[in-house]
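Q: Hi! I'm new to reading protein structures, and I'd like to go through this one with you. Could you put it up so we can chat about it?

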Amino acid sequence: MYQILPPEDRQITDRKTGQHIHQLTTHPAIHHHPFFLSPAWDEAMNHIVIVSNRIGKNQLYLCRTSDYALIRISEAEEVDEWTVHPSRDGRYVYYHADKLGLRTECATGRSEVLITEEEASRLCSEKVVFPLGKTTALSHDDRYWAIRACSGSRWYALVLDTDTQKWKMEYEAEEVSHMQFCPDTSDYLFCAGPLTDRVWVLDRRNGQARRVYQRNAEQKQWITHETWIPGTLELSLVDWPRGILAVHCETGKIRRIANFNAWHAISNDQGTMMAADTNFPDVGIRLLDPRNESLQYETLCYPRASCRGDHWNGPFPYDHGPIRTYSPQYTHPHPRFSPDGKSVIYTSDHTGYAQVYVIAIEERSVLN
């Protein structure tokens, strides 16, 4: 599939700050960029990857940055929207769809099956399925693609070497989610564990995983939304709702880098700035410098997203197992930097439909 649609972008203004924002989509449907753990742009910033259900089911689109035309490139029955991970070289988008691991060529829309559930079951020596959502991970050099598979009682991380096209089952645990390769070395793969014990890093050189942070269960500490800080071998940990911690994945050294209610926090590729949306209360997208512990921040903009998920407005709710929640991810801003660090992309449903927006960092003006 390769279908070019006309641009529908427009310029809007943030009501509170007066800052200019570029709205990329306007069609009355649900749109969002990939989950904030995955890049939205290719490295050369020729296109932005967007998921849209404008035809009734989720499909992949590219927003071409030369003219902001939208190009549909997928033809699966339905794309598993939160598994989407574009390659940095701009050639492919990797994702799950129709119980398959796929990649689609951006230039042509040609799709290629990389793994089936049957093949994954052979790697895991038991019958497994590809669970919906919770992301896949592509290494910073596009060499390795990691996906999750699960049986009734175990979770697995399966890794594809994109050079040799060979798969390997590299990790087995009680739970695996939010996988992310370290941007500084693909030897380290973050694999979130259970909600009560999340912070695990797999050393791919020896196949051993180690816990790099243990939550304070007595204080009902809520650790979530872990992301790498480039150039540091550190993971940032959202200490909800008290702020952000950073922990070194080798030494375990901990430091605090924010003390506001950061929700989804991510560093730019340069490791010089972080962006975080906020909730309960929503006080906008804030920027901070992860390299120091000054606890200062700047307000970038106010997405006015509905930020659904009432379970966030209270103490840690998972001590006695999973809970029923209503928290559609497309209602969350999920900020993510452009590769050059000069812009932030986010999603907001303040118009009644989730749409995709980009704001230049230079536009920020509100300092704490």
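Q: Let's start with I345: which residue stands opposite it in β30?
A: That's V358 in β30. Keep in mind as we go that this is a predicted model.

Q: Okay! And how many bridges link β29 and β30?
A: The two strands pair in the antiparallel sense over 6 bridges. β30 covers residues 355-360.

Q: What about the turn between β29 and β30, how many residues are in there?
A: There are 6 residues between the two strands of that hairpin. One of the turn residues, G352, has a positive phi of about 110°.

Q: On the β28 side, which residue is the bridge partner of I345?
A: R336 is the one that partners I345 there. β28 (residues 336-337) and β29 pair in the antiparallel sense, over 2 bridges. Those two strands also make a hairpin, with 5 residues between them, and G341 in that hairpin takes a positive phi near 75°.

Q: How many residues of β29 are buried?
A: 6 of the 6 residues in β29 (residues 343-348) are buried, so the strand is largely enclosed by the rest of the structure. On one side you'll find S343, I345 and T347, and on the other V344, Y346 and S348, so to speak two covered faces.

Q: What's the strand order in the sheet that has β29 in it?
A: The order is β2-β3-β30-β29-β28, an open sheet of 5 strands with antiparallel pairing. β2 (10-13) and β28 stand at the edges with a single partner strand each, so one side of each has no neighbour in the sheet.

Q: Remind me, what holds strands of a sheet together?
A: Strands of a sheet pair through backbone hydrogen bonds, either parallel or antiparallel.

Q: Back to V358: which residue of β3 is opposite it?
A: H22 stands opposite V358 in β30. The strands β3 (residues 20-23) and β30 pair in the antiparallel sense over 2 bridges.

Q: Changing topic! How many helices and strands does the protein have?
A: It has 1 helix and 31 strands. The radius of gyration is 19 Å, close to the 21 Å that the globule rule gives for 368 residues, so the protein is as compact as a globular protein of that length. Along its principal axes, the C-alpha trace spans about 55 × 50 × 40 Å.

Q: And what share of the residues is buried?
A: Buried residues make up 60% of the 368.

Q: Tell me about the helix. Which residues of α1 are buried?
A: In α1 (residues 117-124), the buried ones are E117, A120, S121 and C124. Seen down the helix axis, they fall within an arc of 105°, so they line one face of the helix. E118 and R122, on the other side of α1, are exposed.

Q: What do those buried residues of α1 pack against?
A: They pack against three strands: β11 (111-116), β14 (155-161) and β15 (166-173). Just after the helix, S125 takes a positive phi of about 60°.

Q: Now Q59: is its place buried or exposed?
A: Q59 counts as buried, because its relative accessibility is 1% and the cut-off for buried is under 20%. Q59 sits in strand β6 (residues 59-64).

Q: What does the side chain of Q59 reach?
A: One polar contact, of 2.5 Å, joins the side chains of Q59 and S74. The Q59 side chain also reaches the backbone oxygen of A76, at 2.8 Å. Leaving aside neighbours within four places in sequence, Q59 touches a number of residues, including I50, V51, R72 and V79.

Q: Last topic: how many disulfides are there in the whole structure?
A: A search finds 0. A disulfide is a covalent bond between the sulfur atoms of two cysteines.

Q: Why is C191 without a bond?
A: The closest cysteine sulfur, in C249, is 12 Å from the sulfur of C191, and that is too far for a bond. C191 counts as buried, at 1% relative accessibility.

Q: And how far is C307 from the nearest cysteine sulfur?
A: The nearest is that of C301, 12 Å away, and C307 is in no disulfide. C307 is buried too, with a relative accessible area of 5%.

Terms used
Residues are numbered from 1 along each chain as its sequence is written. This is a predicted model: local features need pLDDT of at least 70, side-chain atom pairs count only at pLDDT 80 or more; totals for chains, interfaces and linings use all residues. Side-chain values use heavy atoms; hydrogens and water are left out. Buried means under 20% relative accessible area, exposed over 50%, partly exposed in between (1.4 Å probe, protein chains only). Helices (H or I, at least four residues) and strands (E, at least two) are DSSP runs, numbered from the N terminus. The arc is that of the directions from the helix axis to the C-beta atoms. Contact means heavy atoms within 4.5 Å. A polar contact is a pair of N or O atoms within 3.5 Å; within protein, one must be able to donate a hydrogen and the other to accept it, and residues adjacent in sequence count only if both atoms are side-chain atoms. Two strands pair if DSSP finds at least two bridges between them. A disulfide is a pair of cysteine sulfur atoms within 2.5 Å. The radius of gyration is taken over C-alpha atoms; the globule rule is 2.2 Å times the number of residues to the power 0.38.
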